[in-house]
Amino acid sequence: MLHVRLIVPPDLRDAVDAVLRDAVDDVTNHVVHPNAAVSPAGDVVLFDVDRAGASELLGRLRHTGLAASGSISAEHLDLELDRYTTDRDRDDAMGGDDDAVVWEEVEAKTNDEVRLSATFLAFIAIATMIAAVGIVIDQPILIVGAMIVGPEFGPLAAIAVGIVRRRGRVVGRSLATLTIGFAFAVLATVLFGAVLRWAGVFARNPFLEQHPSTSFIWSPDALSWVVAFLAGVAGILSLTSAKSGALIGVLISVTTVPAAGAIAVAATVGAWDIAGTATIQLGINLLSIIVAGVLTLSVQLWAQRLGRERRRVARRRAAES
C-alpha cells in the first residue's frame, strides 16, 4: 500500500475529485482538509492506494496538471490494520501488492541515480582502487567489498528504465554518467597504482604471478554473461518491487568495478593484453545488465497492463451483477 498526499489548488478540485471517484475501488482512507495547505495554497487530500492501481492513478493525477501547480507525494505503508486491508489480504493470500510496479516511483528513483556528482565519482573511484588492491594481492574479499561500494548499478538501471519508458534524456544522462565515472575511476586508480609501485607496495607486474581467486575478473566467458544477466534481472526486480532486501546481494554478483580495477592495474604495469580482456569483461557485464533490465521491465509492463485489464473486466462484471 502507498499513502498519498495531494495539495490541490482550487482550480483543480473538480478534476482531482473526478480522478479519485473513478479509482474508488483502489482508494481507501480518503480524507480531505479544505484549504489546509499554505504553500502551495489549496486542499490537503490524503488517501491510501494499492500498489497495483497506484501507477495508473498517479499518472491520471499528473495529467490534471496537479504536479505542476500543486503537489503529489507518496510513501510506503509498513502496517495498516483495517477491514479493507483484511479483505484484500484474504483475496490475495499469495501476495501481489509487493510485486506491483509503481512506475512513477521507479522513475523517481532512477532519476536520482543519473546525476554525475562528486559523491558518485568518489564512490566509483574508491571502489575501483579497492578492487585493484584485491587483484594485486589476489584477495576475493576485497573484490566483494569493491562490488558493494561501487555505485554503478543506479545508472545501469536508469538506462533500462529510460529505454522501456522511452525517456531518451534519462538514457543519455545515464550513459554519460557511466562513461565519465568509469573513465575517472580508471585514471584515478592508475595514478593510485603508480604511487604504490613507486613506494614499493605493489609488485612491478602482479600479473606475472598466479591469481587463482581473482583471475575470473579479466577472463570473460559465457558464464560472465549469464551471471551478469541474472544479476541484472534480480536488481531490477529489487528496484521495482516493494522488497529491496536482495539488492546488496545482487550488487556483489557482478564484476563491473573489479573489471575497471583490472584495467587500471594492467595499464599501470603495461600489461595491455590483460587490460584488453578486462575491458571485454566490463563491456559484457554492463551490456548484460542493461539487456536483462530492459527485458525484465518489459515483462513487468506487459503483466501490469494485463492485470489492469483483468481488474477492469472483473469490476465491470461485478457492477453488472
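Student: Which side chains meet in a salt bridge at 2.8 Å, N to O, with E107 as one partner?
Tutor: This is a predicted model. In it, the side chain of E107 is 2.8 Å, N to O, from its partner in a salt bridge. E107 lies in helix α5 (residues 103-113) and the partner in the loop between α8 (153-164) and α9, so the pair ties together parts that are 58 residues apart in sequence. The two side chains are those of E107 and R165.

Student: Is E107 buried or exposed?
Tutor: Buried means under 20% relative accessible area. E107 has a relative accessible area of 11%, so E107 is buried.

Student: Which residues do salt bridges that share partners join into one network with E107?
Tutor: Side chains of opposite charge can pair when their charged atoms come close. Here the salt bridges share partners, and the network holds E107 together with R165 and R167.

Student: How many salt bridges does a search of the whole structure find?
Tutor: The bridge between E107 and R165 has been described. The search covers the whole structure, and the count is five.

Student: Where do D43 and R13 lie?
Tutor: The side chains of D43 and R13 meet in a salt bridge of 2.8 Å, N to O. The pair ties together parts that are 30 residues apart in sequence, because D43 lies in strand β3 and R13 in helix α1.

Student: Is D43 buried or exposed, and what is its relative accessible area?
Tutor: Its partner R13 is partly exposed, with a relative accessible area of 26%. D43 is buried, and its relative accessible area is 8%.

Student: How many residues apart are D22 and R60?
Tutor: A salt bridge of 2.9 Å, N to O, joins the side chains of D22 and R60. D22 is exposed at a relative accessible area of 54%, while R60 is partly exposed at 32%. D22 belongs to helix α1 and R60 to helix α2, and the pair links parts of the chain 38 residues apart.

Student: Why are the buried residues of α1 on the same side?
Tutor: Helix α1 (residues 13-22) has V16, V19 and L20 as its buried residues. They are on the same side of α1 because they cover an arc of only 95° around the axis. On the other side of α1, the exposed residues are D14, R21 and D22. The value behind the grouping is therefore the arc of 95°.

Student: What covers the buried residues of α1?
Tutor: The residues to be covered are V16, V19 and L20. Their cover includes the strands β1 (2-8), β2 (27-38) and β3 (41-49), and also the helices α2 (51-63) and α3 (66-69).

Student: What kind of aromatic pair do F192 and F202 form?
Tutor: The structure holds three aromatic pairs. In this one, F192 lies in helix α9 (residues 168-198) and F202 in the loop between α9 and α10 (222-240), 10 residues apart. The ring centres are 6.3 Å apart with 90° between the planes, and the pair is edge-to-face.

Student: Is F202 buried or exposed?
Tutor: F192 counts as partly exposed, at 26% relative accessibility. F202 has 10% relative accessibility, so F202 counts as buried.

Student: What is the arrangement of the rings of W225 and F229?
Tutor: Both residues lie in helix α10, four residues apart, about one turn of the helix. Their ring centres are 4.9 Å apart and their planes are at 20°, so the pair is stacked.

Student: Which residues form a nonpolar patch on the surface with W225?
Tutor: W225 is partly exposed, with a relative accessible area of 42%. The patch has about 400 Å² of accessible area together, and W225 shares it with L223, V226 and L230.

Terms used. Residues numbered from 1 in each chain as written. Predicted model: local features only at pLDDT ≥ 70, side-chain atom pairs only at ≥ 80, totals over all residues. Heavy atoms only, no water. Buried < 20%, exposed > 50% of the residue type's maximum accessible area, 1.4 Å probe, protein only. Helix = DSSP H or I, 4+ residues; strand = E, 2+ residues; numbered from the N terminus. Arc of directions from axis to C-beta. Contact = heavy atoms within 4.5 Å. Phe/Tyr/Trp six-rings, centres within 6.5 Å; stacked < 30°, edge-to-face > 60°. Patch = residues over 30% accessible without salt bridge, like charges linked within 9 Å, V, L, I, M, F, W, Y side chains within 5 Å. Areas by Shrake-Rupley, 256 points an atom, 1.4 Å probe, with all protein chains shown as cover. Salt bridge = Lys/Arg side-chain N within 4 Å of Asp/Glu carboxyl O.
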